[in-house]
Amino acid sequence: MTETLVAVMIVALGLASASPLVIQASYAVRRGRDHYVATTIALATLERARNLDVGLLPLLDESNRRVDHQGNAADDGQFRRSVAVQPGSPGAGLTTVTVTVEILDRRRGVFLGEQQRVAMAFTSY
């Protein structure tokens with residue numbers, strides 16, 4: 001009986017000491033997923049830009065719009081998207097569209113600067 005109690009205590013101590021590692025691993029997996037989703041949102045925005053005439057690209061310009069995991073506007077979105085359109089950059093006849101997607105820190109509930117940025121240059125033929 002005593003041996004069983006000691007064995008149970010050893011297992012309990014082992015599990016208790018491993019729980020912070022499990023929590024950290026879970027947080028890392030969520031952060032990785034959030035970065036993947038942020039990149040997907042940025043790429044989808046650039047894909048939408050590809051379907052527009054170069055002269056209409058400035059219509060995509062937006063700053064700090066909260067979006068959900070699908071890139072749709074949402075007041076409680078976990079992401080914040082900004083689109084910068086720069087005509088004449090990097091050279092004449094080119095327009096650069098830069099999409100920045102910030103990721104909400106789930107622990108603190110604020111945006112702390114983690115982000116994904118994707119850019120593409122467009123031209124007309």
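These are my notebook entries on a predicted model, taken one topic at a time.

**Entry 1: the sheet**

I began with the strands. In what order do the strands of the open sheet stand? I read β1-β2-β3-β4, 4 strands with antiparallel pairing. Next I looked for the edges. They are β1 and β4, each of which pairs on one side only. I also looked up the twist. Neighbouring strands are turned by 20° against each other on average, with direction ignored.

**Entry 2: β1 with β2**

I located β1 at residues 62-67 and β2 at residues 79-87. I found 4 bridges joining these antiparallel strands. I noted one facing pair here: Arg66 in β1 stands opposite Arg80 in β2.

**Entry 3: β2 with β3**

Then I moved along to β3, residues 95-105. How many bridges join β2 to β3? I wrote down 9, and the two strands run antiparallel. I looked up three partners to follow the pairing. Phe79 is bridged to Ile103 in β3. Gln86 has Thr96 in β3 as its partner. For Pro87, the partner in β3 is Thr95.

**Entry 4: β3 with β4**

I turned to the other side of β3. Here β3 and β4 pair in the antiparallel sense, over 10 bridges. One example I noted is Glu102, whose bridge partner in β4 is Gln115. These two strands also form a hairpin, and 4 residues lie between them. In the turn I found Gly109 with a positive phi of about 75°.

I then asked about cover. Is β3 mostly covered or mostly open? I found it mostly covered: 11 of its 11 residues are buried.

**Entry 5: the helix on the sheet**

I looked at α1, residues 2-50. Which strands does α1 touch? It packs on the sheet and touches β1, β2, β3 and β4. I noted its direction too, which makes about 35° with that of β4.

I picked one residue of this helix, Leu43. Why is Leu43 called partly exposed and not buried? Its relative accessible area is 46%, so Leu43 lies between the 20% limit for buried and the 50% limit for exposed. I also checked a distance across the fold. Leu43 and Met120 are 77 residues apart along the chain, yet their C-alpha atoms are separated by 9.7 Å.

**Entry 6: the core**

I reminded myself of a general point: in soluble globular proteins, nonpolar side chains tend to be buried together. Then I looked up the largest nonpolar core here. It has 19 residues. Those with the most contacts inside it are Leu57, Phe79, Val97, Val99, Val101 and Phe122. I checked where the core residues come from. At least two are supplied by each of α1, β2, β3 and β4. The largest share, 6 residues, comes from α1.

I followed Phe122 further. Leaving aside neighbours within four places in sequence, I listed its contacts. Among them are Leu46, Ala49 and Arg50. Val54, Leu57 and Val97 are also on the list. So are Gly93, Leu94 and Thr95.

**Entry 7: rings and charges**

Last, I searched for aromatic pairs. The count came to 0. I did find charges over rings. Which residue lies over the face of Phe111? I found Arg80 there, at 4.2 Å from the ring centre. This is the Arg80 that stands opposite Arg66. I noted a second case: Arg107 lies over the face of Tyr27, at 3.8 Å from the ring centre.

Definitions and conventions:
Residues are numbered from 1 along each chain as its sequence is written. This is a predicted model: local features need pLDDT of at least 70, side-chain atom pairs count only at pLDDT 80 or more; totals for chains, interfaces and linings use all residues. Side-chain values use heavy atoms; hydrogens and water are left out. Two strands pair if DSSP finds at least two bridges between them. A nonpolar core is a set of buried Ala, Val, Leu, Ile, Met, Phe, Trp, Tyr and Cys residues joined through side-chain atoms within 4.5 Å. Buried means under 20% relative accessible area, exposed over 50%, partly exposed in between (1.4 Å probe, protein chains only). Contact means heavy atoms within 4.5 Å. Axes are lines fitted to C-alpha atoms, for helices over the stretch in contact, and angles run from 0 to 180 degrees between N-to-C directions. Rings of Phe, Tyr and Trp (its six-membered ring) pair if their centres lie within 6.5 Å; planes under 30 degrees apart count as stacked, over 60 as edge-to-face and the rest as tilted. A charge sits over a ring if NZ of Lys or CZ of Arg is within 6 Å of the ring centre and within 35 degrees of the ring normal.
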